[in-house]
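Subject: Structure for your review

Dear colleague,

Please find below the structure that I am handing over to you. A description of what was found in it follows directly after.

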Amino acid sequence: MSNPVKLTSMAKAAGCAAKLNPATLDAVLRKLPRQTDPNVLVGFDTNDDAGIYLLGEGLALVQTVDFFTPIVDDPHLFGQIAAANALSDVYAMGGRPVSALSIVGFPEKGDPATLEEIIRGGLSKMNEAKCSVIGGHSIRNEDMLFGYAVTGVINPHRVWRNVGARAGDALLFTKPLGTGVITTALKKDRATPESLAAAVAAMTTLNRDAAAALQEIDEKAGCAKRVHAVTDVTGFSLLGHAREMALGDPSHVIEPVSFEIDHRAFAYLPGAVEAAREGHLSGGLKNNRAFIGDCAVFDASVAPEYQDLLFDPQTSGGLLVSVAPESADAAIAALLHHGVSARRIGTVLAKKNPLLFVR
């Protein structure tokens, strides 16, 4: 393209930082009736990553939808990131994506070449995932939007949910943190090429291999599941998604637990700590901090920039995993074997106050 458009200049909030305020969303969802269809195995009750609908013995659908505003300036990379982010919800449930429908919002006077590159980028990542794009829908919209509704298949007896963590479990995380502060710095022309390249590499990496490694751990255990809870960390931040995992099932089928998290155990993207220290904080980060509130307590030794990074909205982030303690080393070894550099970042405790403690 002869005159490339700076895509991030067209978005008020970038990527998953553009999500609705979690407090607003939570207040609305709490007022909605519970699902009564017995084939709905996972609905919106626990804010899970995707829905699960039973088709028959041994087979269920896993479905999700995800779209957002530009998070990088390169349209091809934006398409790739949007696709990887949408696919992630299926992987986080333990499913295999099979088909997708694209969702496009594009300015009426926008350059068609830009749109082509966005769609082409998304298609390349969907092809990598062996997920067929079979259609979609587009509208005229001044805020550029792109993403997918993804359908996958899953064994209903092998579903991972974002609840189910047990006291004593190890907490693992599979990607570095910091995409939000780096892309916020990008909007201000303050992101370094190194930090941006590292953030893009993380955001375009599928969570497929991480999910495959975790499935190996569960398969070796047979009926005794070792992977107790999984969620992908996106716009509500590491601590926001940890809160959902720790709260358990509101029907009290799964009791709440507490998490102790070590901020030093995480991998942080190059330049992320500096970006947080310089104040490149999105509105989404501030919303996350306000929503989580007293659920998260920090030890006095945790510097403000690291606190900010744990509230930072991630786009196409890693998997947060609660795994049986005796399988933690095997899970990390399996993840490394699949090329996933996972970290053990905390421990699950019996329920106490605070819900989340960061040291």
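A salt bridge joins E278 to R190, and the closest N and O atoms of this pair are 3.7 Å apart. E278 sits in the loop between α8 and α9 (283-292), while R190 belongs to the loop between α4 (179-187) and α5 (193-203), so the salt bridge ties together parts that are 88 residues apart in sequence. E278 counts as partly exposed because its relative accessibility is 48%. Please bear in mind throughout that this is a predicted model.

Salt bridges

The count of salt bridges comes to 15. As background, side chains of opposite charge can pair when their charged atoms come close.

Another of these pairs is formed by D262 and R359, with 3.5 Å between the closest N and O atoms. Here, too, distant parts of the chain are linked: D262 is in the loop between β9 and α8, R359 is in the segment after β13 (356-358), and the two are 97 residues apart. With a relative accessible area of 14%, D262 falls under the 20% limit and is therefore buried. R359, by contrast, has a relative accessible area of 33% and is partly exposed. In addition, K125, E128, R208 and D209 are joined into one network by salt bridges that share partners.

D48 and R161 form a further salt bridge, their closest N and O atoms being 3.3 Å apart. This pair connects the loop between β1 (40-42) and β2 (51-56), which holds D48, with the loop between β6 (145-154) and β7, which holds R161; the separation is 113 residues. D48 is buried, at a relative accessible area of 11%. Why does R161 count as partly exposed? The reason is its relative accessibility of 21%, since the partly exposed class lies between 20% and 50%.

A buried aspartate in a helix

D89 is located in helix α2, which covers residues 75-93. The relative accessible area of D89 is 6%, so this residue is buried. Leaving aside residues up to four places away in sequence, D89 touches D49, A50, T64, D66 and D232.

Aromatic pairs

The structure contains seven aromatic pairs. In one of them, the ring centres of F173 and F266 are 6.0 Å apart and the planes stand at 65°, so the arrangement is edge-to-face. These two residues come from distant parts of the chain: F173 is in strand β7 (residues 170-173) and F266 in the loop between β9 (257-261) and α8 (272-277), 93 residues apart. F173 and F266 are both buried. Elsewhere, ring pairs link F68, F78, F146 and Y148 into a cluster.

Helix packing

Helix α7 (residues 237-247) packs with α9 at an angle of about 35°, and their axes are 9 Å apart. The crossing of α7 past α9 is left-handed. Which residues of α7 and α9 meet? On the α7 side they are S237, L239, G240 and R243, and on the α9 side N288, F291 and I292. By type, the residues of this contact divide into three nonpolar, three polar and one charged.

Yours sincerely

Key: Residues are numbered from 1 along each chain as its sequence is written. This is a predicted model: local features need pLDDT of at least 70, side-chain atom pairs count only at pLDDT 80 or more; totals for chains, interfaces and linings use all residues. Side-chain values use heavy atoms; hydrogens and water are left out. Helices (H or I, at least four residues) and strands (E, at least two) are DSSP runs, numbered from the N terminus. Buried means under 20% relative accessible area, exposed over 50%, partly exposed in between (1.4 Å probe, protein chains only). Contact means heavy atoms within 4.5 Å. Rings of Phe, Tyr and Trp (its six-membered ring) pair if their centres lie within 6.5 Å; planes under 30 degrees apart count as stacked, over 60 as edge-to-face and the rest as tilted. A salt bridge is a side-chain nitrogen of Lys or Arg within 4 Å of a carboxyl oxygen of Asp or Glu. Axes are lines fitted to C-alpha atoms, for helices over the stretch in contact, and angles run from 0 to 180 degrees between N-to-C directions. A crossing is left-handed if the near helix is turned anticlockwise from the far one by less than a right angle, and right-handed if clockwise. Ala, Val, Leu, Ile, Met, Phe, Trp, Tyr, Cys and Pro count as nonpolar, Asp, Glu, Lys and Arg as charged, and the others, Gly among them, as polar.
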